[in-house]
Amino acid sequence: HSLWEHDRSRWDSDLLAQGLELLERSASGTEVSAYHIEGAIAATHASARSLAETDWESIVRLYDRLLSIRPSPVIALNRAIAVAERDGAERGLSELAAIRDQGRLARYPFYQAALGDLQLRLGRDQVAAGHFRSALDIARNDAERRFLERQLLKCKT
């Protein structure tokens, strides 16, 4: 399941607390690595009681920092998704369109899935369905295919 489909009430609060404590300990030095920032992103997600309560502003800032350390189209994609959560689907689509080196995302199904999701949010079901079908064509395993098939079913085409 995607992050948006998780039932956070089923998350193990003791394990979350342990993970947050370990992340805090790892940040005690003077050097900040991509791993620290990735951990902070995960911690921000895990600390929110619900998707609606997620601190998207902090997540976008963390992705900005991660991109400065380790630029990649996949990180830019994840940042664009966070921007869409913070600022809306249209802004997310603009961010996706601005990703450099999109050719490296051609075989990555979640780029097409992100486009599909944002188009679906804007009520553009046929466009969204096309993106989900494109993502299905390049899905790499059964779990990805099941997720994308569920997304495609949301389109009223």
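Visitor: What share of the chain is buried?
Guide: Buried residues are 38% of the 157 in the chain. Buried means under 20% relative accessible area, exposed over 50%, and partly exposed in between, with a 1.4 Å probe and protein chains only.

Visitor: What kind of model is this?
Guide: The model is predicted: local features need pLDDT of at least 70, side-chain atom pairs count only at pLDDT 80 or more, and totals for chains, interfaces and linings use all residues. Residues are numbered from 1 along each chain as its sequence is written, and side-chain values use heavy atoms, leaving out hydrogens and water.

Visitor: How many helices and strands?
Guide: Eight helices and zero strands. Both are DSSP runs numbered from the N terminus: helices are H or I with at least four residues, strands are E with at least two.

Visitor: At what angle do helix 4 and helix 5 pack?
Guide: About 160°, with axes 7 Å apart; helix 4 covers residues 73–87 and helix 5 residues 89–97. Axes are lines fitted to C-alpha atoms, for helices over the stretch in contact, and angles run from 0 to 180 degrees between N-to-C directions. So helix 4 is roughly antiparallel to helix 5. Angles over 145 degrees count as roughly antiparallel, under 35 as roughly parallel, 65 to 115 as roughly perpendicular, and the rest as oblique.

Visitor: Switching topic. Where is Glu 149?
Guide: In helix 8, residues 142–153.

Visitor: Why does Glu 149 count as partly exposed?
Guide: Because its relative accessibility is 40%.

Visitor: How far apart are Glu 149 and Ala 129?
Guide: 10.0 Å in space, C-alpha to C-alpha, and 20 residues in sequence.
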